Amino acid sequence: MKVSRKLFLALGVLAGGLWGSAVHAQASAYPTKPITVVVSYPAGGDTDAMARLFAEKLQVRLGQSVIVDNRPGAGGTVGNTYVGRAAPDGYTLLFTPNPFTTAPLVMKLAPAASYDVVHGFAPVIHSANQAVLLVANPASGIKSVADLVAQSKAGKALSYGTPGAGSPMHIAGEWLNRAAGIQVQHVPYRGVAPSVTDVVAGHIPLAYVTLGPVAQYIAQGKLVALAISDAKRSPLLPNVPTLAELGYKDIDAGAWNGFFAPRNTPAAVVNVLNAHLNEVLKMPDVIAKMGTFGAAPAGGLPSAMAKLNASDYERLGKVIKDLNIQAD
């Protein structure tokens, strides 16, 4: 039977309308079952703690269970890849810090653990910023970045700890090395906690960390806060200068975290999650709790998370290549 062009077009419009209606109906009913938030790092760290904080609040607002599922391994790429290949229905989400963006640039990933940083996910929200802080053990005699540079240039062997190769902390450390013309040896750890333990104990003189794990040690005088590697001072550390303020103007390697969904998750579903998370980020108790992790709430539209992610992928990608930063 011959179908006229007009009838063919009409059937196409009808099919498209039915599909659109189905997606709209799905989104308007969302969620109808438990949601899983994947964290690509072990339980107990800042990322895990914030994920559980947000999950608890989302659960109340959405009227459905929100479960945190820790899937650590390979610098976070195991969990990231898992979410990237999950069904795009809004029931599997990723909560991640920004090594999500840089890991594929510094690691040799097998195809089974690879993912597209910029196009492989649907950004949901930029949830928080965490300042990257350079700290020193007082016994090192380093009370300022100037002291650090002077000791290194005088030939003293120095080292700095980070949560791992390719992390924002590692990038900041190598960036300062180049900018100041010094050679401070990188010591990668498996997470922030062990690097903090060693710098407090004096096994290493320096570490690049987020504020939460070291705030008590700074207050007790067991660590000295030297500088922030972000472009701007942290509102949680208003008296600590940035490296840019100290003359290293190009250095900008801060930490952030955010929510992502699998690519092709309906925009209406993403928008539901975004709206609720924006409200969660305004809650006084959430803001206070985030402060204990050294985190300041961000928020905004999904497009803001997309822009930040893509910008860091390009900007830090150039730095990583220039400094030849690679995972061990």
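**Rings, a sheet and an enclosed helix**

The structure holds 10 aromatic pairs, where rings of Phe, Tyr and Trp (its six-membered ring) pair if their centres lie within 6.5 Å, and planes under 30 degrees apart count as stacked, over 60 as edge-to-face and the rest as tilted. This is a predicted model, in which local features need pLDDT of at least 70 and side-chain atom pairs count only at pLDDT 80 or more, while totals for chains, interfaces and linings use all residues. Residues are numbered from 1 along each chain as its sequence is written, and side-chain values use heavy atoms, with hydrogens and water left out.

One of the aromatic pairs is formed by Y160 and Y208, which meet edge-to-face at 5.2 Å centre to centre with 80° between the planes. Because Y160 lies in strand 6 (residues 159-162) and Y208 in strand 8 (residues 206-210), the pair ties together parts that are 48 residues apart in sequence; helices (H or I, at least four residues) and strands (E, at least two) are DSSP runs, numbered from the N terminus. Are these two tyrosines buried or exposed? Y160 is buried, with a relative accessible area of 1%, and Y208 also counts as buried, at 3%, where buried means under 20% relative accessible area, exposed over 50% and partly exposed in between (1.4 Å probe, protein chains only).

Strands 6 and 8 belong to an open sheet of 5 strands in the order 7-6-8-5-9, with mixed pairing; two strands pair if DSSP finds at least two bridges between them. Strands of a sheet pair through backbone hydrogen bonds, either parallel or antiparallel. Here strand 6 and strand 7 run parallel and are joined by 4 bridges, and Y160 has H186 of strand 7 as its bridge partner. Helix 6 (residues 168-180) lies across strand 5 (132-136), strand 6, strand 7 and strand 8, running at about 155° to strand 6; axes are lines fitted to C-alpha atoms, for helices over the stretch in contact (heavy atoms within 4.5 Å), and angles run from 0 to 180 degrees between N-to-C directions.

Helix 6 is also among the elements against which the buried residues of helix 4 pack, including strand 4 (121-130) and helix 11 (302-323). Helix 4 (residues 99-106) is largely enclosed by the rest of the structure, because 6 of its 8 residues are buried, namely P99, F100, T101, T102, A103 and V106. Of these, F100 joins Y115, F121 and F260 in one aromatic cluster.
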